[in-house]
Amino acid sequence: MKKLKTIIGIAFLTLSINSVWAQTEPVDKNGLANGGYDLVSYFSDNKATKGNDKFSAELMGAKYLFVSEAHQKAFEANPKKYLPQCDGYCAWGVAEKSAKISVNPETYKVLNGKLYLFFNGDFNGSPFNTLSEWNKDEKELLTNLPEKWAAVK
């Protein structure tokens with residue numbers, strides 16, 4: 001029964017994700033990437049930090065914000081190093097459900113030099129954190145991720 005509830009919940013989540021307030025698309029309708037969070041800060045400061053419009057870079061039509069000029073320059077020198085896996089969609093959603101699900105930029109994991117983002121927010125009146133689900137079966141999900149991402153992107 002619990003598994004059925006999870007499946008129904010994920011299906012509904014996938015259909016209604018845009019209405020969940022705490023989540024963000026990889027690039028919003030204004031072209032802002034990652035909800036304005038500084039991608040470099042995940043690696044250098046080990047935390048999610050909102051960037052500043054004063055320090056920005058554009059890549060493939062998306063605007064990235066940074067907390068400092070040093071972070072901006074680090075990104076510009078090697079954007080591939082900092083860009084999140086799955087183009088910024090929820091890694092668990094891709095690996096487990098073969099779905100593109102928006103994320104909460106404050107719920108993340110840096111693993112083997114790669115950034116993974118996750119959904120974490122209110123879902124049908126209850127908290128739902130896919131990072132917790134990811135951590136339960138990380139090894140298998142990491143193994144499945146490249147193939148699943150190739151199929152959904």
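# Chatting through a predicted model

Colleague: Let's start with one residue: is Thr107 buried or exposed?

Modeller: Thr107 is buried, with a relative accessible area of 5%. Buried means under 20% relative accessible area, exposed means over 50%, and partly exposed is in between, using a 1.4 Å probe and protein chains only.

Colleague: And where does Thr107 lie?

Modeller: Thr107 lies in strand 3. Helices here are DSSP runs of H or I with at least four residues, strands are runs of E with at least two, and both are numbered from the N terminus. Before we go on, a word on the model: it is predicted, with local features needing pLDDT of at least 70 and side-chain atom pairs counting only at pLDDT 80 or more, while totals for chains, interfaces and linings use all residues. Residues are numbered from 1 along each chain as its sequence is written, and side-chain values use heavy atoms, leaving out hydrogens and water.

Colleague: Thanks! Which residues is Thr107 in contact with, leaving aside its neighbours in sequence?

Modeller: Contact means heavy atoms within 4.5 Å. Setting aside neighbours within four places in sequence, Thr107 is in contact with Tyr116, Leu117, Phe118, Asn120, Asn129 and Leu131.

Colleague: Zooming out, how many helices and strands are there in the chain?

Modeller: The chain has seven helices and six strands. Starting at the N terminus, the order of elements is α-α-β-β-α-α-α-β-β-β-β-α-α.

Colleague: What share of the chain do buried residues make up?

Modeller: Of the 153 residues in the chain, 44% are buried. Also, take the contacts between residues at least 6 apart in sequence: 56% of them join residues at least 24 apart.

Colleague: New topic, pockets. How much space lies in the largest pocket?

Modeller: The largest pocket holds about 580 Å³ of space. Its lining has 27 residues, and the closest to the pocket centre are Pro84, Gln85, Cys86, Asp87 and Gly88. On a 1 Å grid over the protein atoms alone, a pocket is an open set of points with protein on both sides within 12 Å along at least five of seven lines, unlike a cavity, where a 1.4 Å probe fits but cannot get out; lining residues have an atom within 4 Å of a point. Grid points are joined across faces, edges and corners, and the volume is the space filled by probe spheres set on them.

Colleague: Which element gives the largest share of that lining?

Modeller: Helix 7 does, with four residues. Strand 2 (62-66), strand 4 (114-118) and helix 7 (138-152) each supply at least two lining residues.

Colleague: And what is the lining like by class?

Modeller: The lining has 18 nonpolar, three polar and six charged residues. Nonpolar covers Ala, Val, Leu, Ile, Met, Phe, Trp, Tyr, Cys and Pro, charged covers Asp, Glu, Lys and Arg, and the others, Gly among them, are polar.

Colleague: You mentioned Cys86. How many disulfides does the structure hold?

Modeller: Zero disulfides, where a disulfide is a pair of cysteine sulfur atoms within 2.5 Å. Cys86 is in none, and the nearest cysteine sulfur, that of Cys90, is 8.3 Å away. Cys86 counts as buried at 5% relative accessibility, and Cys90 counts as buried at 0%.

Colleague: How about the rings: what is the count of aromatic pairs?

Modeller: The count comes to nine aromatic pairs. One of them is Phe43 with Tyr82, an edge-to-face pair at 5.4 Å centre to centre with 80° between the planes. That pair links distant parts of the chain, 39 residues apart, with Phe43 in helix 2 (residues 39-44) and Tyr82 in helix 4 (residues 79-82). Rings of Phe, Tyr and Trp (its six-membered ring) pair if their centres lie within 6.5 Å; planes under 30 degrees apart are stacked, over 60 edge-to-face, and the rest tilted.

Colleague: Are Phe43 and Tyr82 buried, exposed or partly exposed?

Modeller: Phe43 counts as partly exposed at 24% relative accessibility, whereas Tyr82 counts as buried at 8%. Another pair is Phe66 and Phe75, with ring centres 5.1 Å apart and planes at 40°, so this pair is tilted. Both Phe66 and Phe75 are buried, and together with Tyr64 they form one aromatic cluster.

Colleague: One last thing: where is Met60 found?

Modeller: Met60 is in the loop between strand 1 (52-59) and strand 2. Its phi is near 50°, a positive value in a residue other than glycine, and Met60 counts as exposed at 75% relative accessibility.
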